[in-house]
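Here's a quick tour of one protein model, aimed at anyone just starting out with structures. Have the viewer open and follow along.

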Amino acid sequence: MKTRAQTTNVLKRLSLRKDVRVERACDAYEVSVVLPGAESDGGGIGFDPRFDGLGRRGVTRRDAKAPASTSMDAAHRVLRMTHGIAEGVSELADAYPLECNFDALNGVSFTKGCYMGQENTARQHFRGAVRKRVVPFAFSGASVDVGAPVVNDKGETVGDVIAVEQDRGLMRARMKFIREALATNGVVATNGVALDVSVPTWWPAKYLES
């Protein structure tokens, strides 16, 4: 979550030409979710536009939370990582949108007007040159640290762990390595923990084409 000073600096960088007043609304509002299968009419919370399997999500008043909704807690993070979906500054930092699979998650457009980073994003898309992608993994019986490098069986660093929650996590790794990992059903991080890589159900088939 950004502080007021960080938010103000972001707005200044955007060179807003209108007088605006930034107010902190976190005490009154929060992002809430209704997990798949929960009994609820949604209470005004819409389906997550990234992937239906994430359930419903929306901004609600803390004093008027929808039935069956919860805060963005560990249960939702586990669900999100199981489906291979990254979010937030800590997980998306220093990555291109297509490396985070935004092209399949309604997160980027190739038909709208100019936006920051459009040239690199369009080049990756139309040339099919996305060399890394975020992919989910599972592990057991040990711990995995965020930031740990992911290595292949030759000892080469091919990616890094960007998020961990309970026995699930996300890595951003080379597509060549991901294809090889799927064929051998497992990879190894620097601490020797076996990481079982899987392909999310929403991944387009073209992602795995060499």
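On helix H4, the face turned away from the buried side carries the exposed residues Glu119, Phe126 and Arg127. Keep in mind as you look around that this is a predicted model. Below are the spots worth a click, grouped by topic.

**Helix H4 and what follows**

- Now spin to the other side of H4: its buried residues are Gln118, Thr121 and Gln124.
- Those three cover an arc of only 140° around the axis, so they end up on the same side of H4.
- Some helix background helps here: an α-helix has 3.6 residues a turn, so residues three or four places apart point the same way.
- Just after H4 you'll meet glycine 128, which takes a positive phi of about 60°.

**Two residues with a positive phi**

- As a rule of thumb, most residues other than glycine have a negative phi.
- Which phi does asparagine 106 have? Its phi is positive, about 60°, even though this residue is not a glycine.
- You'll find asparagine 106 in the loop between helix H3 (89-92) and helix H4 (118-127).
- Is asparagine 106 buried or exposed? Asparagine 106 counts as exposed because its relative accessibility is 65%, and the cut-off for exposed is over 50%.
- Glutamine 166 isn't a glycine either, yet it has a positive phi of about 55°.
- That glutamine 166 sits in the loop between strand E7 (157-165) and strand E8 (168-174).
- With a relative accessible area of 55%, glutamine 166 is exposed.

**A glycine in a loop**

- Glycine 192 is in the loop that runs between strand E9 (187-189) and strand E10 (194-197).
- Its relative accessible area is 53%, so glycine 192 is exposed.
- How many residues apart in sequence are glycine 192 and alanine 142? They are 50 residues apart along the chain, but in space their C-alpha atoms are 9.3 Å apart.

**A nonpolar patch on the surface**

- Tyr29, Val31 and Val59 make up a nonpolar patch on the surface, and together they have about 270 Å² of accessible area.
- One of them, valine 31, belongs to strand E1 (residues 29-34).
- Valine 31 counts as partly exposed because its relative accessibility is 36%, which falls between the 20% limit for buried and the 50% limit for exposed.

Notes. Residues are numbered from 1 along each chain as its sequence is written. This is a predicted model: local features need pLDDT of at least 70, side-chain atom pairs count only at pLDDT 80 or more; totals for chains, interfaces and linings use all residues. Side-chain values use heavy atoms; hydrogens and water are left out. Helices (H or I, at least four residues) and strands (E, at least two) are DSSP runs, numbered from the N terminus. Buried means under 20% relative accessible area, exposed over 50%, partly exposed in between (1.4 Å probe, protein chains only). Patches are made of residues with over 30% relative accessible area and no salt bridge: like charges are joined within 9 Å, nonpolar side chains (Val, Leu, Ile, Met, Phe, Trp, Tyr) within 5 Å. Accessible areas come from the Shrake-Rupley method with a 1.4 Å probe; for residues, only the protein chains shown count as cover. A salt bridge is a side-chain nitrogen of Lys or Arg within 4 Å of a carboxyl oxygen of Asp or Glu. The arc is that of the directions from the helix axis to the C-beta atoms.
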